[in-house]
Amino acid sequence: MPAKNKTTRDFIGIILKKSDVPLNASQIREKFSKKPDLATIYRNLDKMENDGSVGVFTAKGRVRLYYSSEGKGGHFIFCRICDRIEKLQFCLFKELKAQIEKKNQFKVIGHYLFIKGICHECLHVFNSKKNRPYRF
Ligand SMILES: [Zn+2]
Ligand SMILES: [Zn+2]
């Protein structure tokens with residue numbers, strides 16, 4: 001990546017906008033050609049989270065995954081067994097938004113979706129095992 005006049009924060013914004021899936025701090029760092037230390041990445045992510053330019057999901061209760069909240073919101077499905085994340089290509093939020101605005105008297109300005117579950121491959125493994133190792 002070209003490094004002139006752009007701040008670490010700018011790059012984080014660009015990296016997250018380009019990414020199809022939410023990334024954790026070290027994955028973001030990996031995308032830099034001249035890698036800042038992880039503390040710098042976290043410091044910037046904190047600021048961006050506070051001003052709303054990035055959103056964050058917590059996967060498995062500890063890993064923080066960041067996504068760009070500019071433009072279209074985040075819509076993802078997350079497999080809690082293999083950690084695979086896929087982007088959802090559709091959104092059925094319109095009707096929900098109308099209902100919330102009407103019933104809750106609440107002006108909706110954005111949304112994200114992070115759906116946890118089991119992907120088809122893990123489900124296949126799960127279903128083919130007699131002693132089921134996963135607790136859902
Ligand atoms: Zn899976
Ligand atoms: Zn949506």
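# Exercises on helix packing and a three-stranded sheet

Helix 1 and helix 3 pack with their axes 10 Å apart, at an angle of about 75°. That makes helix 1 roughly perpendicular to helix 3, since angles of 65 to 115 degrees fall in that class. The model is predicted, and the exercises below work through it.

## Exercise 1. The contact between helix 1 and helix 3

Task: Find which residues of helix 1 meet helix 3, and which residues of helix 1 are buried.

Solution.

Step 1. On the helix 1 side, the contact is made by Thr 8, Arg 9 and Ile 12. Their partners in helix 3 are Thr 40, Ile 41, Asn 44, Leu 45 and Met 48.

Step 2. The buried residues of helix 1 are Phe 11, Ile 12 and Leu 16. They sit on the same side of helix 1, because the arc they cover around the axis is only 130°.

Step 3. Asp 10 and Lys 18 are exposed and lie on the face of helix 1 turned away from its buried side.

Step 4. The cover over the buried residues of helix 1 includes helix 2, helix 3, strand 1 and strand 2.

## Exercise 2. The two faces of helix 3

Task: Check the length of helix 3 against the expected span, then assign residues to its buried side and to the opposite face.

Solution.

Step 1. Helix 3 has 13 residues, which at 1.5 Å a residue should span 18 Å. The expected span takes one less than the number of residues. The end C-alpha atoms are 18 Å apart, in agreement.

Step 2. Ile 41, Asn 44, Leu 45 and Met 48 are buried in helix 3. These residues cover an arc of only 105° around the axis and are therefore on the same side of helix 3.

Step 3. Elements covering that buried side include helix 1 (8-18), helix 2 (25-30), strand 1 (54-59) and strand 2 (63-68).

Step 4. The face turned away carries exposed residues: Ala 39, Asp 46 and Asn 50. Ala 39 belongs to helix 3, which covers residues 38-50. Ala 39 counts as exposed because 9 other C-beta atoms lie within 10 Å, and the cut-off for exposed is 12 or fewer.

Step 5. After helix 3 comes Gly 52, with a positive phi near 85°.

## Exercise 3. Strand order and pairing

Task: Give the order of the three strands in the open sheet, and state which strands are at its edges.

Solution.

Step 1. The order is 4-3-5, with mixed pairing. Strand 4 (85-87) and strand 5 (113-117) are the edge strands, each pairing on one side only. Neighbouring strands of this sheet are turned against each other by 20° on average, direction ignored.

Step 2. Strands of a sheet can pair in parallel or antiparallel fashion, through backbone hydrogen bonds.

Step 3. Strand 3 (residues 75-79) pairs with strand 5 in the parallel sense over five bridges. Across this pair, His 75 has Leu 113 as its bridge partner, Phe 76 stands opposite Phe 114, and Cys 79 stands opposite Gly 117.

Step 4. Strand 3 and strand 4 run antiparallel and are joined by three bridges. Here Phe 76 stands opposite Lys 87.

## Exercise 4. Burial along the strands

Task: Decide which side chains of strand 3 are buried, and how many residues of strand 5 are buried.

Solution.

Step 1. Side chains alternate along strand 3. Phe 76 and Phe 78 point to one face and are buried. His 75, Ile 77 and Cys 79 point to the other face and are not buried.

Step 2. In strand 5, zero of the five residues are buried, so this strand lies largely in the open.

## Exercise 5. Positive phi outside glycine

Task: Locate Asp 83 and Gln 105, and say whether each is buried or exposed.

Solution.

Step 1. Asp 83 is in the loop between strand 3 and strand 4. Those strands form a hairpin with five residues between them. Asp 83 has a positive phi near 70°, although the residue is not a glycine. With 12 other C-beta atoms within 10 Å, Asp 83 is exposed.

Step 2. Gln 105 is in the loop between helix 4 (93-103) and strand 5. Its phi is near 50°, again a positive value in a residue other than glycine. Gln 105 is exposed, with 7 other C-beta atoms within 10 Å.

Conventions
Residues are numbered from 1 along each chain as its sequence is written. Chains are lettered from A and ligands numbered from 1 in the order in which they are written. This is a predicted model: local features need pLDDT of at least 70, side-chain atom pairs count only at pLDDT 80 or more; totals for chains, interfaces and linings use all residues. Helices (H or I, at least four residues) and strands (E, at least two) are DSSP runs, numbered from the N terminus. A residue is buried if 20 or more other C-beta atoms lie within 10 Å of its own, exposed if 12 or fewer, and partly exposed in between; C-beta atoms are placed from the backbone. The arc is that of the directions from the helix axis to the C-beta atoms. Two residues are in contact if their C-beta atoms, placed from the backbone, lie within 7 Å. Two strands pair if DSSP finds at least two bridges between them. Axes are lines fitted to C-alpha atoms, for helices over the stretch in contact, and angles run from 0 to 180 degrees between N-to-C directions. Angles under 35 degrees count as roughly parallel, over 145 as roughly antiparallel, 65 to 115 as roughly perpendicular and the rest as oblique.
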